[in-house]
Structures are given as structure tokens and as C-alpha cells.
Amino acid sequence: MSQAKEFHFKPHNVGRWIVWGLFALILFVAPRIWTSGLAQTMLTQMGIGVIACLAYNILLGQGGMLSFGHAVYSGMGAFLAIHALNMAGAGTLGVPVSLIPLVGGLAGLVFAAILGYVSTKKAGTPFAMITLGIGELVFALALMLPEFSGGEGGVSSNRVIGKPLMGISFGPQIQVYYLVAIYCFICTAAMFALTRTPLGRMLNAVRDNPERVEFVGYNTHWVRFMAFTISGFFAGIAGGLGAINTEIVNGEVLHASRSGAYLLFTFLGGATFFFGPIIGAVLMVFCGVLLSELTKAWLLYLGLIFLFMVMYAPGGFASLILMNLRVAAFGKFKKLWTSYLALAGTALAALIGAATMIEMVYHRQLNEALGPELRFMGATLNSAGLDAWFGAGFLIVIGVALFELVRRQYVHEWGEIQEDIEKEIKRREAL
């Protein structure tokens with residue numbers, strides 16, 4: 001007598017569907033809320049940055065590979081995409097504009113396969129040094145080949161090709177944004193899916209314990225190499241989208257500063273969390289567009305923020321968000337909000353003092369011909385007088401001292417809350 005078959009169904013992860021639905025909704029409605037040309041341009045750059053930072057995080061966060069030359073693959077993707085766009089405009093390449101980013105992706109994949117095989121033979125510091133050398137080599141070669149890179153002027157193009165299809169010509173910025181948004185959603189979903197595959201899990205294992213991985217029979221070099229090529233593919237897509245957005249590509253896309261930006265903002269967002277690079281990409285655009293317009297010393301402020309995060313929140317902004325969400329889930333957040341207000345107030349005081357001093361130094365170095373006075377935060381400061389310098393120094397000293405006192409009290413409260421949470425978890429498990 002045959003036995004009846006038993007079917008087991010895995011329940012759907014409703015929370016995950018909600019998160020992805022909200023992500024798609026945000027991508028769709030964002031340009032409807034922020035309708036100015038500047039806002040839509042920034043949103044487009046954010047979408048491109050999300051793909052680039054997530055691609056870089058395949059190496060840094062998931063594989064533990066610190067690369068100093070990842071701009072090579074996004075940059076080569078941008079150059080090949082801009083050349084493909086020119087060929088499509090001339091009628092020699094039958095590829096629509098919407099598929100040009102895939103040309104950049106294939107270019108990034110090919111160059112990652114060629115250069116990555118050598119790079120991934122080593123791990124740790126040797127890998128970082130190899131990527132730095134390759135990045136500088138490719139940047140120098142690009143400048144030596146003006147037929148390919150366009151020299152210092154770069155290669156320009158026109159993204160409006162042929163007749164509009166269903167009213168879409170990619171001339172208006174909002175049409176380019178939605179093209180970027182579609183690629184952003186698909187690439188983000190694909191890279192998230194990668195983390196759930198055996199390759200993604202093995203990449204985490206290579207990051208955490210490569211000796212153990214070798215012992216059980218896997219080749220760590222090939223695992224790193226496959227991750228490197230996949231990362232290069234997505235970086236190339238980001239480069240291709242950037243070429244369509246700006247309609248010009250020059251040697252700057254290959255420069256070490258671009259690689260450094262990927263590293264810096266991926267770390268700030270939170271390299272150990274999947275959504276961390278998304279936060280980092282948003283910060284990257286805000287700093288590069290808005291903060292750079294507010295002050296000439298924006299790189300100095302960015303460096304100070306980076307040092308602060310390394311000292312007090314090495315997990316990035318994503319770790320801060322998740323830690324506090326856990327506290328809020330257990331109803332303990334109300335015990336911390338006063339400490340957060342105190343931390344924010346003391347940190348703001350120290351920041352205002354430091355910013356005042358920095359702006360006065362920059363004014364004396366760069367705008368001395370305009371006189372000693374400058375406007376900062378609605379106040380007129382005299383950089384030649386002692387009052388402004390003394391006031392800024394006083395704010396820094398008092399702000400830092402009070403911040404340290406409040407921080408110690410906060411650490412004590414945080415420890416007690418974590419103990420309470422652990423006790424509550426054990427109590428629930430015992431039921």
C-alpha cells in the first residue's frame with residue numbers, strides 16, 4: 001500500500017517583501033516629491049552610487065578584500081559605454097540607450113576577469129597593494145591613450161539617439177533617473193540574492209576563516225576571483241549609467257580618489273550590513289554636491305566625521321540603526337533618549353567650535369584679500385581678533401569634555417539595557 005506524500009511549504013518572509021516594496025516605492029515617488037532639477041540630478045547620482053557602493057561591498061564587506069583600485073572597473077565600464085553610445089548614435093552599433101549600461105557591465109566584467117585573476121591570488125595587505133598598483137597603472141595608461149580616453153578633455157556623447165520610443169528619448173533628467181532607478185532596483189536585488197547563494201556564503205567563510213575553507217576542499221583563490229568578477233560587472237553597470245547621465249567621461253573616473261570614495265562611504269554606511277552601502281551612497285552624493293558648495297573645507301569635515309565613526313561607531317551608520325532598533329523592539333529606548341539628546345548637544349557644541357576655527361583658518365589662507373571678517377552661521381566673525389578664536393576654542397574644549405562625560409554615562413546605561421534584553425530573551429526562550 002503506497003504511502004501518501006507529504007508536502008511542506010516554506011512560509012513567505014512577509015517582512016522582506018515589505019522592505020523591497022518600500023524600496024521600489026521610494027525609487028518611484030522620490031522625483032515626484034523633489035521636483036527641482038538639482039534634486040533629480042542628485043537622486044540620479046544616488047542611484048548610480050548605490051550600485052557602485054554595493055558592488056564594492058561584495059569585496060570589502062562580504063569578502064574581506066580591501067581594494068584601493070575599484071574605480072578601474074566602474075571607470076572602464078564608463079569609457080566603453082560612452083564609446084558604445086557614440087557608435088549607436090552613428091548607426092554602427094544597434095544597441096538602444098537603455099542597454100548601454102550592460103555594455104559597461106560587460107566591460108567591467110572583462111577587465112575584472114583579466115586583472116582580478118592576478119589580484120586575488122593574494123589576500124589581506126598584498127591584495128590591497130596590488131589593487132592600488134593596478135589602479136594607478138590603468139589611470140596612467142588611459143592618459144597615454146588619448147584615442148581611447150580623449151586625453152584631458154575626455155570623451156563626450158549625446159544620449160538622445162533616434163526617434164523617441166513611447167515618448168522616451170532620455171533627454172529630460174527624470175527619464176534618465178527612472179532608467180537608473182530600474183537598474184538600481186534590479187542590481188540591488190541581484191546582489192542581495194548573491195549573498196544567499198552558496199558562493200555568497202562561501203565568500204563569507206573565506207573572509208572569516210580561509211584556512212578552514214582550504215581544509216574542507218575549496219579553493220579560496222577561485223572564490224575571491226569569482227566574487228571579484230561579479231563585483232566588476234556591477235561596477236561597470238554603475239559606470240555605464242554615469243556615462244549616460246553626464247554624457248562625458250574623462251580620466252577622473254579612473255582616479256584613486258574615486259576608489260577612495262567608494263571605500264570611505266561604504267565604511268561610513270556600514271560595510272558589514274547589506275544596506276550599509278546604500279546609506280553610504282546617499283552620504284557620498286550629499287557631501288560631493290551640497291557640502292562642497294557650503295564650504296571649501298568639506299574634505300576636512302569629512303575626514304573628521306570618518307575619524308569619529310572609526311572611534312565610536314566602527315560598524316557605520318547601519319550598525320547604529322540596527323542596535324537602536326533592537327533596543328526599541330524591547331521597549332527600552334525611552335531610557336536612552338535623554339542621553340542621546342545630551343550626546344547630540346555636546347557634540348554639536350564641539351562641532352560648531354571646530355567648524356568656526358576651520359572656517360577662519362581657510363578664510364585667512366584663501367580670502368585674506370577680502371578682509372578679516374567673514375560670515376558663518378549667520379554671525380560675523382573677525383578672524384584677526386582674539387575673541388572669535390577664544391570662543392571657538394572654548395566651545396571645543398567644553399563640548400569635548402562634556403561629550404566624554406555624557407558618553408561614559410551612556411555606555412553604563414547601554415550596558416544595563418543590554419543585560420536586561422538578554423534576560424528577557426532567556427525568559428522568553430524558557431516559556
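Residues of the types Ala, Val, Leu, Ile, Met, Phe, Trp, Tyr, Cys and Pro count here as nonpolar, Asp, Glu, Lys and Arg as charged, and the others, Gly among them, as polar. The structure is a predicted model, in which local features need pLDDT of at least 70 and side-chain atom pairs count only at pLDDT 80 or more, while totals for chains, interfaces and linings use all residues. Residues are numbered from 1 along each chain as its sequence is written, and side-chain values use heavy atoms, with hydrogens and water left out.

Pockets and cavities were sought on a 1 Å grid over the protein atoms alone: a pocket is an open set of points with protein on both sides within 12 Å along at least five of seven lines, a cavity is a set of points where a 1.4 Å probe fits but cannot get out, and lining residues have an atom within 4 Å of a point. Grid points are joined across faces, edges and corners, and a volume is the space filled by probe spheres set on the points. Helices (H or I, at least four residues) and strands (E, at least two) are DSSP runs numbered from the N terminus.

The largest pocket holds about 1,700 Å³ of space. Its lining comprises 45 residues, with Leu304, Ile305, Phe308, Ala347 and Leu351 nearest the centre. At least two lining residues come from each of helix H12 (276–294), helix H13 (298–312), helix H14 (316–329), helix H15 (337–366), strand E3 (373–376) and H16. The most is given by H15, with 13 residues. By residue class, this lining splits into 34 nonpolar, six polar and five charged.

The second largest pocket has a volume of about 1,100 Å³. Among the 38 residues that line this second pocket, Phe23, Thr188, Phe275, Ile278 and Ile279 are the closest to its centre. Helix H1 (14–33), helix H2 (37–60), H7, helix H8 (198–208) and H12 each supply at least two of the lining residues, and H1 gives the most, with eight. The class split for the second largest pocket is 26 nonpolar, eight polar and four charged.

Turning to enclosed space, the structure holds one cavity of 30 Å³ or more. The volume of the largest cavity is about 40 Å³. Its lining consists of Phe68, Gly69, Ala71, Val72, Gly135, Glu136, Leu254, His255, Ala256 and Ser259, which divide into five nonpolar, four polar and one charged. Helix H3 (71–90), helix H5 (125–144) and helix H11 (256–269) each contribute at least two residues to the lining of the largest cavity.

Helix H16 (residues 386–430) contains Phe390, a member of a nonpolar surface patch formed with Phe394, Val397, Ile398, Leu402 and Leu405. Together these side chains offer about 620 Å² of accessible area, computed by the Shrake-Rupley method with a 1.4 Å probe, with only the protein chains shown counting as cover for residues. Patches are made of residues with over 30% relative accessible area and no salt bridge, with like charges joined within 9 Å and nonpolar side chains (Val, Leu, Ile, Met, Phe, Trp, Tyr) within 5 Å. Residues are called buried under 20% relative accessible area, exposed over 50%, and partly exposed in between (1.4 Å probe, protein chains only). Phe390 counts as exposed because its relative accessibility is 62%.

Seven salt bridges were counted, each being a side-chain nitrogen of Lys or Arg within 4 Å of a carboxyl oxygen of Asp or Glu. In H16, Arg428 pairs with Glu424, the closest N and O atoms being 3.0 Å apart; these two residues are four residues apart, so about one helical turn separates them. Salt bridges that share partners also join Glu404, Arg407 and Arg408 into one network. Within this network, the closest N and O atoms of Arg407 and Glu404 are 2.7 Å apart. Elsewhere, Asp208 forms a salt bridge with Arg207 at 2.9 Å between the closest N and O atoms; Asp208 is exposed at 54%, whereas Arg207 is partly exposed at 33%.

Backbone geometry adds two final details. Most residues other than glycine have a negative phi. Phe170, however, has a positive phi near 65° and lies in the loop between strand E1 (155–156) and helix H7 (173–195). Glu247 likewise has a positive phi, near 60°, and is placed in the loop between helix H10 (220–246) and strand E2 (248–249). Phe170 is buried at 13% relative accessibility, and Glu247 is partly exposed at 22%.
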